[in-house]
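Trainee: I'm new to this one. Could we look at it together and go over why things are called what they're called?

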Amino acid sequence: KIIKRMLRNMQVEVTTADNGKQAVEAIHKSDFDIILMDCMMPEMGGIDATRYIRKYISQERQPIILALTADVFNENRMMCISAGMNDVLLKPIDQNQLNQALLKWCPE
C-alpha cells in the first residue's frame, strides 16, 4: 500500500495483484511497462510468476520486472535475476529509491 501511494504521488497508473497468480492473469489481459514484483506472495510467488511471464508472454509484450524483497542475501538476488527479473529493490523502499529505479528502467 505504501508503494502504491508513492507511485500515485508520482502520477503513475497502478494496477495491483494480491498474489503471483493474479499478476500472471493481469499480464494476459493488459500490457505493462514495468512490474514491481514482490518475491513473497501467496499462491504463486514473485519468482515463479516471473518465470511464467518470461516463458509464456511474447517478447514484444515483455515488461521490465523489478523484484521487491526484504531478503538482503546475495543468493536471493541471484535467484531473482536468474528467474528473469531485471533488478532487485530492497524493502523498505523510500520515495527516492523508487524514483531512481523508475528513471533507470522506464525513463519515459
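Mentor: Sure, here is a short chat about the strands and helices of this predicted model.

Trainee: How do you know that β1 and β2 pair?

Mentor: Two strands pair if there are at least two bridges between them, and 5 bridges join β1 to β2. So by that cut-off they count as paired, and they run parallel. For instance, Ile-35 has Ile-65 in β2 as its bridge partner.

Trainee: And what makes β2 and β3 a pair?

Mentor: Strand β2 (residues 64–69) and strand β3 (residues 87–90) share 4 bridges, in the parallel sense. One bridge links Leu-66 to Asp-87 in β3.

Trainee: Why is the sheet called open, and which strands stand at the edges?

Mentor: The 3 strands form an open sheet in the order β1-β2-β3. β1 (34–38) and β3 are the edge strands: each has a single partner strand, so one side of each has no neighbour in the sheet. From one strand to the next, the twist averages 30°.

Trainee: What links up with helix α4 in a β-α-β unit?

Mentor: β2, helix α4 (residues 74–83) and β3 make that unit, and it is right-handed. α4 lies across β2 and β3, at about 140° to β3.

Trainee: Why is α3 called roughly parallel to α4?

Mentor: The axes of α3 (residues 46–56) and α4 cross at roughly 25° and come within 8 Å. Angles under 35 degrees count as roughly parallel, so that's what α3 is to α4.

Trainee: Which residues meet there?

Mentor: Ile-47, Thr-50, Arg-51 and Arg-54 in α3 meet Met-79, Cys-80 and Ala-83 in α4. By class, that contact has 4 nonpolar, 1 polar and 2 charged residues.

Definitions and conventions: Residues numbered from 1 in each chain as written. Predicted model: local features only at pLDDT ≥ 70, side-chain atom pairs only at ≥ 80, totals over all residues. Heavy atoms only, no water. Helix = DSSP H or I, 4+ residues; strand = E, 2+ residues; numbered from the N terminus. Right-handed = clockwise from strand over helix to strand, strands pointing away. Axes fitted to C-alpha atoms, helices over the stretch in contact; angles between N-to-C directions. Parallel < 35°, antiparallel > 145°, perpendicular 65-115°, else oblique. Contact = heavy atoms within 4.5 Å. Nonpolar A, V, L, I, M, F, W, Y, C, P; charged D, E, K, R; others polar.
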